[in-house]
Amino acid sequence: MAREDATGVSVKAAKFDYILAESVEEVVATLDRGDGEAIVIAGGQSLMPMLAMRLATPAMVIDINNIAHLSGIDVRADEAVIMACTRQATALASPQVQARLPLLAKAISYVGHQQTRNRGTVGGSLSHADPASEIPLAALTMDARVSLASASGTRQVALADFFLGPMMSARADNEILLSVHFPLGSNDTRMGTAFHEVSERKGDFAVVAAAAQIQLDANGLCSKAALAIGGVDGVPRRITGLEARLLGSRIDQDKIRAALPEIANAITPGDDQHASAAYRRRVAGVLAERALLEAVAEAEQ
Amino acid sequence: MNQKTGDNLRYVAHKRRVREDRRFVTGKGKFVQDVALPETKHAAVLPSPYPRARILAIDTTAAEALEGVAMVLTGQQMAADCNPIRLGLKLPEVKWYPLAVEMARYAGEWVAIVVADNAYIAEDALELIQVDYEPLAPIIDPEQAFAETDLFVHPGHGSNVLYHGNFLWGDVDGDFATADDSLTFRARWGRSSTVPIETFGALARWDEGTEILDIWASIQMPNFVELLANTLGYPLNSIRLHQDVDVGGSYGVKRGIKQSVLVGYLSRKLRVPVRLIEDRLVNMAGGDAHGPDRIFDTDVAFNSDGIIKSLKIRALDDAGAYPGRAPFQLAKPISAIVGPYTINSVKYEAISVATNKTGQVPVRGFGQAPTNYMIEMAVDTVARHLNLDRLEIRRRNLIPSDAFPYQIPSGSNYDSGDYHTVLQKGLDLARYDELLQRRDRARAEGRLAGIGIATCLEPGGGNNIFEYLMDPTAEITTFMEACEVKVDPQGKITGMMGTTTSGQGHETLFATILGEELEFDPDLIRIVHADSLSALPTRSPVASRMAIMLGGAATGAAGKIKDRAMAIAAFNLDLPVEDLEYSGGTISDRNDPSRKLTWAEICFIAYRAYHKLPPGMEPGFHAQYVFQVPGGGQLPDAQNRVQIYPCFSFQAHVPYVEIDPGTGKVSVLDYAIAHDCGTVINPDIVRGMVIGGLAHGIGAALYEKFSYDGEGQFLSATFADYLMPSVHEIPDVKDVEHCTPSPLTSHGQKGSGEGGYLGAPAAIASAVNDALHPLGLSITELPMRMSEIEALINNGPG
């Protein structure tokens with residue numbers, strides 16, 4: 001519907017040019033031309049409300065929903081690749097994701113509601129870079145990388161370097177996020193994962209969330225530990241100090257509790273009307289402990 | 001009134017389909033947005049970013065120059081052409097205009113309005129308006145507002161206090177002196193509201209030919225057209241409110257008076273229809289639709305056996321910047337100020353203050369939900385103090401069933417009730433013994449678990465007399481409702497009501513009662529909404545009153561229709577009326593049923609055969625009835641005792657919750673409610689009210705809050721920050737009805753629209769506090785947010 005035909009609508013975005021792109025080449029060429037004033041839309045679950053409320057006022061909106069090869073899940077020998085425009089619901093329902101990327105599946109079940117997951121995309125969530133969002137947190141825990149394309153080529157960035165602040169990432173204005181790459185361990189690794197989140201209502205952004213992925217060796221000792229906390233800083237935070245203290249040990253509750261103080265050094269939570277910084281600090285420890293215990297228990301099974 | 005109840009009923013109290021459902025479920029409702037008038041222009045409003053600021057200048061030139069913009073109006077220009085909007089209380093120096101004049105008094109207050117060819121252009125133009133503000137320190141805290149001696153929201157008023165009254169009913173000092181013990185507590189009800197999906201919308205068209213201002217608005221409000229006429233300075237009979245639009249949700253908050261004044265004024269000025277539909281941000285911040293925000297300080301006197309003797313209540317309510325009818329929400333609860341308990345005396349200090357926040361409007365229960373929360377807190381607090389079971393203390397204090405009608409200290413006569421039985425039904429439904437075991441098992445496993453108990457009243461029927469309690473110049477002693485019933489030449493029946501409807505199912509209600517009384521299938525009875533120029537007197541669907549009041553009017557009008565039919569039959573059969581029998585519209589001789597007049601014959605005579613009408617009877621076939629509030633009509637006595645509402649419904653709530661001690665998150669896992677609103681006219685409607693109201697109450701108890709920061713900035717303008725519970729947060733509710741008919745109404749019915757909302761917040765608070773009890777903790781502020789509960793449990797800084 002053209003703006004001029006709109007009668008009394010209550011969604012009133014500022015004027016922008018709309019481009020329904022047919023190829024990645026067209027997207028990157030348009031982004032280049034857009035000079036920072038162009039934005040890519042996929043599922044629109046964050047961007048549409050921002051446009052409607054005029055919190056975002058781009059000159060140009062590039063719709064990538066028609067680019068078929070931007071959707072899909074591909075499990076290779078050493079990595080799983082999820083294309084940016086893959087719906088969250090599709091990823092959640094994928095047997096491959098459930099089998100090989102269990103932490104991602106657990107995280108996505110907390111993303112919004114069934115209805116929003118039918119539209120919302122994996123890449124869109126990463127691009128949006130909300131520090132309380134689940135997919136970025138899980139992907140960070142899983143040591144994922146993203147592929148970014150521009151007119152001058154493609155590069156990969158580790159998620160550890162990708163998130164720069166609330167809704168800010170290393171993606172340049174002229175880049176599109178193409179895909180996310182999850183490294184895969186061997187199938188026989190004893191791995192356990194867990195995702196814990198607290199929000200006032202089901203489907204909300206996390207007030208605090210914790211994601212854990214633990215690998216155990218044949219002796220039951222921790223060969224790899226990953227823990228990240230969301231909602232407690234401008235970006236999702238890996239708690240590397242805690243990970244280091246668990247590595248090589250037999251993880252139990254005492255071990256975890258002894259390592260939990262590392263979280264406090266790694267996060268800088270803020271206050272808002274939903275929870276204080278002090279709440280976020282305390283609950284980060286509570287959820288981290290729960291997630292680690294559950295992940296270890298799963299790995300031990 | 002000759003009351004028909006129980007087994008004699010053929011449509012009333014039977015489970016029958018709600019007639020409104022079909023059009024809403026199939027998307028055939030007609031809302032303000034759906035009214036299509038040629039050449040309609042669209043309005044958008046500019047909110048103040050500051051809670052308190054002097055408006056030094058507004059430059060609208062760039063906005064006016066934008067192509068497609070018809071007009072930009074500022075507060076100063078609007079005020080020059082209208083009167084301030086009349087407030088409930090007479091506060092001449094509290095001037096409320098549709099747009100801020102000289103001073104913005106809350107973040108989100110509208111300072112200018114744009115009219116344009118479409119909503120996009122209107123929004124574009126807003127960005128071009130330059131406002132020069134001088135920000136000032138705001139008044140945010142209600143206690144500070146009350147104590148303030150020189151910082152005023154309305155400087156001309158010379159104080160932030162809008163109302164301060166003291167009431168004393170009975171020998172409070174004596175009761176406190178003779179009671180075994182007393183305690184004091186504070187309870188705080190947070191700023192929440194009803195927040196409908198459908199924001200407020202209004203469409204106006206000035207008809208140059210008839211000189212009538214036509215308005216379509218999603219309104220639910222008594223006196224709306226009067227307020228509109230007064231503000232615009234028009235005669236009342238030059239405004240026509242179309243009441244056949246679907247309002248959407250409301251429960252009190254759809255009072256868009258400033259919205260309607262603006263579109264009315266602009267449509268006349270521009271000679272085109274003008275529509276304003278609030279968007280979510282505008283609605284939440286500047287739609288003036290927030291609810292009560294109240295601090296209670298209560299002293300309770302009681303004996304060691306748990307009998308509560310007396311209450312001293314101080315209620316301080318934050319009405320926001322423009323009070324409207326907000327202060328009256330402190331007065332209506334006087335009708336049930338002791339709840340369902342035999343409390344002997346009450347002192348009540350009611351204070352309403354202005355702050356630099358969004359204005360308060362009536363919300364479901366008109367102040368009764370916060371009051372019920374406080375009363376139930378009092379009962380639970382005494383029980384805890386005495387180490388007495390919360391059920392036992394209620395059983396000792398509930399008014400016994402043989403005591404009705406029961407007069408409370410403030411003068412209300414409770415019409416009927418069977419509180420002990422309803423409570424027991426609620427406990428049975430909850431399987432209370434098993435629930436206790438479940439709670440104790442959970443506790444043994446280290447979880448925090450609690451059962452809530454709340455026994456609350458719902459006054460129904462409405463009666464404006466509370467206004468007189470606050471303002472003795474307001475001698476208003478009726479709050480009537482009327483209807484007209486027409487039988488057409490085909491014999492088909494049409495009922496005409498005088499108000500809009502906002503989801504309460506009035507069409508079903510009205511048709512059911514007409515069908516019952518006239519013995520016709522209600523599904524064949526047409527119900528229409530008269531516009532305000534053709535409507536009979538109405539006070540609108542507020543105050544849990546329509547079952548009582550429209551029900552009474554419908555019964556009265558149906559009686560007149562029947563009387564007329566009987567008179568026609570008596571004349572034509574040459575028999576006295578006493579010998580006639582009415583059955584489904586056919587009137588026959590009791591002694592010789594073959595002698596009869598059919599409904600078709602009666603209708604023919606009424607419309608076509610003047611020579612067969614009894615001498616002096618007007619031709620045609622219709623009746624009007626204006627129903628006065630039962631038991632109302634009196635001013636208070638010298639002790640300020642008065643009957644405010646006529647009917648008192650009762651509810652017993654038994655929820656079960658668990659709290660995650662690590663996060664403070666409350667989960668409502670089970671909920672049983674027993675409900676008594678007398679005769680249920682339509683079971684599905686009442687059940688919907690009970691369960692919907694209960695969900696609304698869970699929202700107020702745990703999630704919903706319009707938050708402001710210390711600088712007066714509004715933090716809850718979207719549904720990401722104003723947290724309404726969804727289906728995930730509401731458990732499967734078990735409900736059971738009990739019927740104690742009201743002796744005052746046509747079929748024994750009482751109010752039910754405020755339903756579960758009036759008790760659920762108290763019940764959830766009771767459950768959460770039961771869960772916290774083993775830790776020796778309690779929480780006394782709503783909403784009980786998880787972060788605050790966690791802080792309490794872990795004794796950390798909030």
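Helices here are DSSP runs of H or I with at least four residues, numbered from the N terminus. With that in hand, welcome to a short tour of this predicted model, with an eye on its enclosed spaces.

**Cavities**

Searching the whole structure turns up 8 cavities of 30 Å³ or more. The largest of these holds about 530 Å³ of space. It has 40 lining residues, and those closest to its centre are B:Val542, B:Ala543, B:Ser544, B:Arg545 and B:Gly753. Three helices of chain B, namely H15, H16 (546–573) and H18 (683–702), each contribute at least two residues to that lining. H18(B) gives the largest share, 3 residues.

The second largest cavity encloses about 130 Å³. Around it sit 20 lining residues, with B:Val253, B:Glu278, B:Asn283, B:Gly287 and B:Ala289 nearest the centre.

Here is how the two linings divide by residue class:

| Cavity | Nonpolar | Polar | Charged |
|---|---|---|---|
| Largest cavity | 20 residues | 14 residues | 6 residues |
| Second largest cavity | 7 residues | 8 residues | 5 residues |

**A closer look at H15(B)**

One of the helices that help line the largest cavity is H15 of chain B. How far apart should its ends be? Helix H15(B) covers residues 506–518, and at 1.5 Å a residue its 13 residues should span 18 Å; the end C-alpha atoms are 18 Å apart, so the model agrees with the expectation. The helix is mostly covered, as 13 of its 13 residues are buried. Just after H15(B) comes B:Glu519, which takes a positive phi of about 65 degrees.

How values were computed
Residues are numbered from 1 along each chain as its sequence is written. Chains are lettered from A and ligands numbered from 1 in the order in which they are written. This is a predicted model: local features need pLDDT of at least 70, side-chain atom pairs count only at pLDDT 80 or more; totals for chains, interfaces and linings use all residues. Side-chain values use heavy atoms; hydrogens and water are left out. The expected span of a helix is 1.5 Å times one less than its number of residues. Buried means under 20% relative accessible area, exposed over 50%, partly exposed in between (1.4 Å probe, protein chains only). On a 1 Å grid over the protein atoms alone, a cavity is a set of points where a 1.4 Å probe fits but cannot get out, and a pocket is an open set with protein on both sides within 12 Å along at least five of seven lines; lining residues have an atom within 4 Å of a point. Grid points are joined across faces, edges and corners, and a volume is the space filled by probe spheres set on the points. Ala, Val, Leu, Ile, Met, Phe, Trp, Tyr, Cys and Pro count as nonpolar, Asp, Glu, Lys and Arg as charged, and the others, Gly among them, as polar.
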